[in-house]
Amino acid sequence: YQIFTRLRERIVEELSRIATNARLVGEVDYVQSLAEVAYRKGWVKPEVHEGYDIEIEKGRHPVIEEFRDNYVSNDTKLTQEEFIHIVTGPNMAGKSSYIRQTALITLLAHMGSFVPADRAKVGNIDAIFTRIGSGDLLSMGVSTFMNEMLDVASILGNATRRSLIILDEVGRGTSTYDGIAITKALVEYISSHGGAKTLLATHFLEITRLEGRVRGVKNYHMAVKKDSGGIVFLYTLVPGKAEGSFGVEVARMAGLPEELMERAMEILRSLEEPAPKPASPSGGCKELVRYILSIDIANTTPLQALLKLAELKEIAERFGRS
């Protein structure tokens, strides 16, 4: 015990030096680890500048590429003219991976690391805000959707023009129309309040209508190829909106019973059929409408009203017999 006590006292005397050495070893380990990964993976030195734009050529997700052969890289270009990117496409097509890789490359550049890309010019940002995934807080009585909205409210209250916002399928926790309405309003708000650089992945194709109407909005989608066997994911980001979410095809790939999938396709086709246009009024109906519109109600006596009602009935009976 005496030996232990003397050792403890000696350590206390050298505590300041030990802490300093631990901090320096930690810094060396940090730099050495980043350097080793950059060397082994062929990462490049990014250019961090004081401007607004973020330009990434052939960016890659630093984690996912470790588990995928022939990883497909993608470009990112957020500028003052196009700073809100709406990314659509099917599930499993790579939307979430793409927007997350942009955030990770931006973070790596700001922490002094090389980045997984062929070239990267990253404007100096003050924060990265993300709304990714879903989950409730049952102990606090907070639903999944409420939890999502609390996160979005926090983002809007703290983001500035120098921020990067990553939003993954905002509004999916409520009804379709509510989700579309909230997401559209959210995009408009970000555009008009500061203009933070934003990547929004969504299945709501209605949001793509904002391109050309709301400042800064640009549509992109993850490309897929359709063939007789279903769809093939290309994992390539291209301009424009997706043709659809292909949810039924993805469900079939997951192995749902074929009987169920055939019924799902029938329901989907019925939902996608355009609503029938109302029939144009016939000549008789037009005459009846013109007669009703010609009545001067303010200057019609009760007796005249009864007479006109009799005339209307006569016209209706005549058209009914024809």
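The following questions and answers concern the nonpolar cores, a surface patch and the domains of a predicted model.

In this predicted model, local features need pLDDT of at least 70 and side-chain atom pairs count only at pLDDT 80 or more, while totals for chains, interfaces and linings use all residues. Residues are numbered from 1 along each chain as its sequence is written, and side-chain values use heavy atoms, leaving out hydrogens and water.

Reader: Which element gives the most residues to the largest nonpolar core?
Author: A nonpolar core is a set of buried Ala, Val, Leu, Ile, Met, Phe, Trp, Tyr and Cys residues joined through side-chain atoms within 4.5 Å, and the largest one here has 29 residues. Among the elements that each supply at least two residues are strand S2 (54–59) and helix H3 (95–110), where helices (H or I, at least four residues) and strands (E, at least two) are DSSP runs, numbered from the N terminus. With 6 residues, the most given to this core comes from H3.

Reader: Is Leu7 buried or exposed?
Author: Leu7 is found in helix H1. Buried means under 20% relative accessible area and exposed over 50%, with partly exposed in between (1.4 Å probe, protein chains only). Because its relative accessibility is 51%, Leu7 counts as exposed.

Reader: How far apart are the C-alpha centres of domain 2 and domain 3?
Author: The domain assignment, whose bounds come from an automatic or database source, gives domain 2 as 42–134 + 142–242 and domain 3 as 283–320. Between the C-alpha centres of domain 2 and domain 3, the distance is 61 Å.
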